[in-house]
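Biologist: I would like to take a close look at one buried spot in this protein and then follow its surroundings outward. Please walk me through it in plain words, one step at a time.

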Amino acid sequence: MLLKITILPGDGIGPEVTDEAVRVLNNVARRFNHELSLDRKEVGGAALLSSNHPLPDDTIHSCLASGAVLLGAVGGPSFDKFPKHLRPESGLLRLRRELGAFANLRPAVCFPALEDCSPLRPEVVRGTDILIVRELLGGIYFGEPRVTQGASGNREALDTMRYTEPEIERIARMAFELARTRRRMVTSVDKANVLDCSRLWRDVVTGVAQDYADIKLGHMYVDSAAMLLVSRPADFDVLLTENMFGDILSDEAGGIVGSLGLLASASIGGTVGLYEPVHGSAPDIAGRGIANPLGAILSAAMLLRYSFKLEREAGSIEAAVSSVLAAGHRMRDLAKPGQTALTTAEMGAKVAEAVVPQMAIH
Ligand code: IPM
Ligand code: MG
């Protein structure tokens, strides 16, 4: 199969971790007889520096003409003072919108080998296998108006949280469908005791649930969900949330399973899927070869699964990551005192080596 992928390394540790994901993809292609066609483009701060725009047309065109997009990260302190339409993050938000990627899937899984890497006790984190399904194109991230106005000392700022029924319905359906491939539980997160958006959310999700009698639906306020995630993470299956709650809870889930560096994501539902690690650009460690590439590598697995329907290939990457961790290899974010940590490239090479067609394992 020809796998046409646009690679957007972006900023900070983005380029280092995407290099390792590409290294692993190359091995998968070789071992499963696929052909990779990669188109590297710029996004975020890197694109701002070279072409004064966080999402150049050329990048959008390449993304829309490919089967999937793999992105590293965007953002960095040097861009903090840029006007908002020229911030790296606005390039990413616009890309999500251009691709129509309304569903952001963020799995948070506790690898057996990492039970003692969580800040929580092993018996609490053991068995955690959560799929966060985050609405990605609505809510306060995109609502209008959004403005800061008034004279200095007396300024006011306004953001708008807005949701329509169709926006809620399509993400809810996605969550229920995904729950059917898992433990058949959906926990829908909202703040229905305070927000109108959340009351509508709860109402629409409850309506969609009528079509999924085989799925157990629960509703939870976001504050309570944040608390239960750290006290009983293994109780969750699919966690359905609006855009901003999902942003916050997915970082929390990363902390729970040991490191945000492990978390992968898929943004799907539109014309072309976008895959990126959840961790962000981490400017403080960029360029030092110590960033954890596993989030990017696991994002490449999701890319094969969701955009190319290559389940065996995706599984081979996930199995490779599991076996490398089980063999005791760690990055700095997961190493115990006294344990040597691999470099970004060493970890990428270990995983790439461990990728074997599943047939050979059985
Ligand atoms: C994420 C990030 C982005 C978001 C930022 C970089 C715009 O935090 O993907 O979680 O808030 O969606
Ligand atoms: Mg985030």
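Modeller: Before we start, one term: when I say that two residues are in contact, I mean that they have heavy atoms within 4.5 Å. Please also keep in mind that this is a predicted model.

The spot I would pick is Ser299, which sits in helix α10, a helix that covers residues 294–308. Ser299 has a relative accessible area of 0%, and because anything under 20% counts as buried, Ser299 is buried. What does Ser299 touch, leaving aside its neighbours within four places in sequence? The contacts are Leu70, Ala264, Ser265, Tyr275, Glu276 and Pro277. With Ser265 there is also a polar link, since the side chain of Ser299 comes to 3.4 Å from the backbone nitrogen of Ser265. A second polar link goes to Gly295, whose backbone oxygen is 2.7 Å from the side chain of Ser299. For a sense of scale, Ile317 is 18 residues from Ser299 in sequence, and their C-alpha atoms are 9.9 Å apart in space.

Ahead of α10 in the chain there is a loop, which runs between β12 (273–275) and α10 and holds Ala282. The backbone of Ala282 is worth a glance: its phi is near 40 degrees, a positive value in a residue other than glycine. Ala282 has a relative accessible area of 23%, so it counts as partly exposed.

Next, the strands. Strand β11 takes in residues 266–268 and pairs with β4 in the antiparallel sense over three bridges. Within that pairing, Asn104 stands opposite Ser267 of β11. Strand β4 itself covers residues 103–109, and five of its seven residues are buried, so the rest of the structure largely encloses it. Another partner of β4 is strand β5 (residues 129–135), again antiparallel, here over seven bridges. One pair to find on your screen is Val109 with Asp129, its bridge partner in β5.

Helix α6 (residues 165–180) comes into this part of the picture through Met174. Apart from neighbours within four places in sequence, Met174 is in contact with Phe102, Ala103, Ile268 and Gly269. Gly269 is 95 residues away from Met174 along the chain, yet their C-alpha atoms are 8.6 Å apart. The relative accessibility of Met174 is 18%, so it counts as buried.

Now to ligand 1. Which residues surround ligand 1? They are Glu89, Arg96, Arg106, Arg134, Tyr141 and Asp247. By class, that shell has five charged residues, one nonpolar residue and no polar ones. Three of its members show a polar approach to an oxygen atom of the ligand. For Arg96, a polar side-chain atom lies 2.7 Å from such an oxygen. For Arg106, an N or O atom of the side chain is 2.7 Å from a ligand oxygen. For Tyr141, the distance from a polar side-chain atom to a ligand oxygen is 2.6 Å. On its own, ligand 1 has 320 Å² of accessible area, of which the protein covers 78%.

Tyr141 leads us to Asn243, a residue of helix α9 (residues 243–256). Asn243 is in contact with Tyr141, and also with Arg134, Glu135, Leu136, Leu137, Gly138, Phe142 and Tyr163, if we leave aside neighbours within four places in sequence. A polar atom of the Asn243 side chain is 3.2 Å from the backbone oxygen of Leu136. With a relative accessibility of 0%, Asn243 counts as buried.

Two backbone details remain to look up. Glu144 and Pro145 are joined by a cis peptide bond, with omega at about 0 degrees, and Pro145 belongs to strand β6 (residues 143–149). Asn33, in the loop between α1 (14–32) and β2 (35–40), is not a glycine but has a positive phi of about 60 degrees. Is Asn33 buried or exposed? Asn33 has 68% relative accessibility, so it counts as exposed, whereas Ser299, where we began, is buried.

Methods: Residues are numbered from 1 along each chain as its sequence is written. Chains are lettered from A and ligands numbered from 1 in the order in which they are written. This is a predicted model: local features need pLDDT of at least 70, side-chain atom pairs count only at pLDDT 80 or more; totals for chains, interfaces and linings use all residues. Side-chain values use heavy atoms; hydrogens and water are left out. Helices (H or I, at least four residues) and strands (E, at least two) are DSSP runs, numbered from the N terminus. Buried means under 20% relative accessible area, exposed over 50%, partly exposed in between (1.4 Å probe, protein chains only). A polar contact is a pair of N or O atoms within 3.5 Å; within protein, one must be able to donate a hydrogen and the other to accept it, and residues adjacent in sequence count only if both atoms are side-chain atoms. A residue is near a molecule or strand if one of its heavy atoms lies within 4 Å of it. Accessible areas come from the Shrake-Rupley method with a 1.4 Å probe; for residues, only the protein chains shown count as cover. Ala, Val, Leu, Ile, Met, Phe, Trp, Tyr, Cys and Pro count as nonpolar, Asp, Glu, Lys and Arg as charged, and the others, Gly among them, as polar. Two strands pair if DSSP finds at least two bridges between them.
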